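Let's take a walk through this model, from its sheets to its cores and its cysteines. Keep the 3D view open as you read.

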Amino acid sequence: MPREELFARRQQRFAEMTPLTLIATTAFGLEAVVARELKALGYTDLTVEDGRVVFPGDHNAICRCNLWLRSAERVLIRVGEFPAADFDSFFDQTTALPWAEFLPVDARFPVDGKSVRSMLHHTPTIQAMAKRAIAENLKKTYQRHWFQETGAEFPIEVSILKDRVTFSIDTSGDGLHKRGYREIAGPAPLRETVAAALVQLSFWNPERYFLDPFCGSGTIAIEAALIGRNRAPGLQRDFLAEQWPWLPRTCWKEAREEAKSLQRTGAMQPLAASDIDRRAIKLAAMHAEAAGVSGDITFSKLDFLEFQSTREYGVIVCNPPYGERMGDWESAEATYDDMADVCENLPTWSVYVLTSHEGFERLFRRRADRRRKLYNGRIECTYYQFFGPKPGRPADADDQAIEPPPPPPPVEPPPPRFQSSPRPAGGTFRPAQSGRRPAPSGQGGPPRHQGNRPPQGGADRGPATGNRPPGPPGARRPGPPRPAGEGSTGYRPRRPPGPYQAEGEGTGDRPRRKYVSQGDRPPAGGGQGGLPPRRKQVKRTEGGPPGPRPFGPRKKVTKRPPRRPPGDQQS
């Protein structure tokens, strides 16, 4: 038996017995949608990463995922993954991978590479080194020095992210967005994978009315019809892995028969699509007929301002002009304002809009319930989602109305910070705190309030918070009687009067020590017995008014010329 046939049988046996690691690549922002589709196909062991979803599978998974995934870009087989920071390590580890288990002797294996934030960043050199390392591995396996590359194609992708290398083989060929029904694209086309994701991210189902008022070439409406019919998007196209010798053709045949048997054939709620361009409507109708859903979509030439509907519930999913690839910003903003006028008459409808305009919510005059960042090609967009109420359920529904939870018990207010204490009998007040100065003997009433602490309240002193009852306007607040011979500064004896006191403050001719503050104001507390002054003091021992301010103008400082070494002095 020839050696090539032995290797072909070995590869087929390997594919049937050994589990593979598959990668479903996707546009940024659609990883969760692709993961949901894979779970619906029965693949639950998923690892979601940026721009891809990794999961284990077999040769049947290659066929089913290519046929059924609506929002994924490609399906890859991961050959190996390793870290590499230099070309020597990259070459040695690439040569050690099991390439002969995937590539037959006559395989065509073009290499495409990309590098992001890695030490190995020169893409042409990466591709050449990878091609050479793979050839060295095949030479040792097939005992050949030259390969014609005349057989099936196995596109190899090498991706380096942060010095981590991933080798994979593409099974799809053309991107999965090429369904096979759209042969002519409009001026600003929307990818089929993104259109399918917009429908899957909405609350639309085949029982609700659907409308796309800016249909263009009809991509969103056609994808919604395919979802409503449960038709696999890859039924009308071929895939690159169908030509591989080690992947049995019976797998593809069984997968296609399964997809055809799962289609829905009953009646479905009609879908509507409109546009103001008659040529776009003709193009959309042609695409719907090629996709096999022309009977499920009604196309019409209609301005969205003229749209009226008596339906209580509906869903609008649209991709209006951005003002970037076609039209301008002013016309796009006018369109958004018209959409707001129409949607005000549809309060129970759900609206989903994909646009790159940052001020769409302001122009639409509503705040979105949810936003999702997506990419339409290379344009960064936001998918605004405005939810309407859920349609009413029939009266015999199993679920009952949920009663609202009881209100929480009332919260008692916290106790006051200061509690009042009753005044003892006999007229003598004893303060509750030992730090307060007691009243003089024979005098009743509490001492004066000190600091920021409120005085203790009582039965005859107003509320419990310690506030005194207000007096007549302009009257001085009452206080305890002063002892004879004492001044007005609390219970501190007054200083003997001096000759420079104001009239009425005392008599005497003895000179006194005068403290003058820096700002020419009397010290706090009233002289020697008062509190220390706030600023620097100037002491004067002789009588007389204070002199001028002790601070004069600053001295003028002149800079001296720098000293020169003895050898540098000028003569």
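Before we set off, one cut-off: a residue is called buried when its relative accessible area is under 20%. Bear in mind too that this is a predicted model.

With that cut-off in hand, start at Cys318. Its relative accessibility is 0%, so Cys318 counts as buried. Cys343 comes in at 5% and therefore is buried as well. Do these two belong together as a pair, or apart? The closest cysteine sulfur to that of Cys318 is in Cys343, but the gap is 7.8 Å, which is too far for a bond. Cys343 is accordingly in no disulfide, and the structure as a whole holds zero of them.

Now swing over to the open sheet. Seven strands make it up, in the order β2-β3-β1-β4-β7-β6-β5, and the pairing is mixed. At the edges sit β2 (47–49) and β5 (111–116), each of which pairs on one side only. Going from one strand to the next, the twist averages 30°. Towards the β5 end of that order, have a look at how β6 and β7 line up. Strand β6 (residues 156–161) runs antiparallel to strand β7 (residues 164–170), and six bridges join them. If you want a landmark there, take Ser159, whose bridge partner in β7 is Thr166.

Next, find the helix that goes with these strands. Helix α5 lies across β5, β6 and β7, and runs at about 130° to β5. This helix also matters for the packing story. The largest nonpolar core has 65 residues, and those with the most contacts inside it are Phe90, Leu103, Phe167 and Trp244. Helix α5 (residues 123–142) supplies the largest share of this core, seven residues. As a general point, nonpolar side chains in soluble globular proteins tend to be buried together.

Phe90 is a handy spot from which to look around in that core. Setting aside neighbours within four places in sequence, Phe90 touches a long list of residues, including Phe82, Leu120, Ile126, Met129, Ala130, Val158, Ile160, Val165 and Phe167. Apart from this core there is another, of 63 residues, and among its members are Leu190, Val199, Leu211 and Met339.

While you are around here, check Thr95, which is placed in helix α4 (residues 87–95). Thr95 counts as buried because its relative accessibility is 13%. Which residues does Thr95 contact, leaving aside its neighbours within four places in sequence? They are Ala133, Glu136, Asn137 and Lys140.

The last stop is strand β14 (residues 379–386). Six of its eight residues are buried, so β14 is largely enclosed by the rest of the structure. Look at its pairing partners one by one. Strand β12 (residues 350–355) runs antiparallel to β14 and is joined to it by five bridges; within that pairing, Leu354 has Tyr383 as its bridge partner. Strand β13 (residues 370–376) also pairs with β14 in the antiparallel sense, over seven bridges, and here Arg370 stands opposite Gln385. β13 and β14 form a hairpin with two residues between them, and Gly377 in the turn has a positive phi of about 70°.

Notes. Residues numbered from 1 in each chain as written. Predicted model: local features only at pLDDT ≥ 70, side-chain atom pairs only at ≥ 80, totals over all residues. Heavy atoms only, no water. Core = buried A, V, L, I, M, F, W, Y, C linked by side-chain atoms within 4.5 Å. Buried < 20%, exposed > 50% of the residue type's maximum accessible area, 1.4 Å probe, protein only. Helix = DSSP H or I, 4+ residues; strand = E, 2+ residues; numbered from the N terminus. Contact = heavy atoms within 4.5 Å. Pairing = 2+ DSSP bridges. Axes fitted to C-alpha atoms, helices over the stretch in contact; angles between N-to-C directions. Disulfide = S-S within 2.5 Å.
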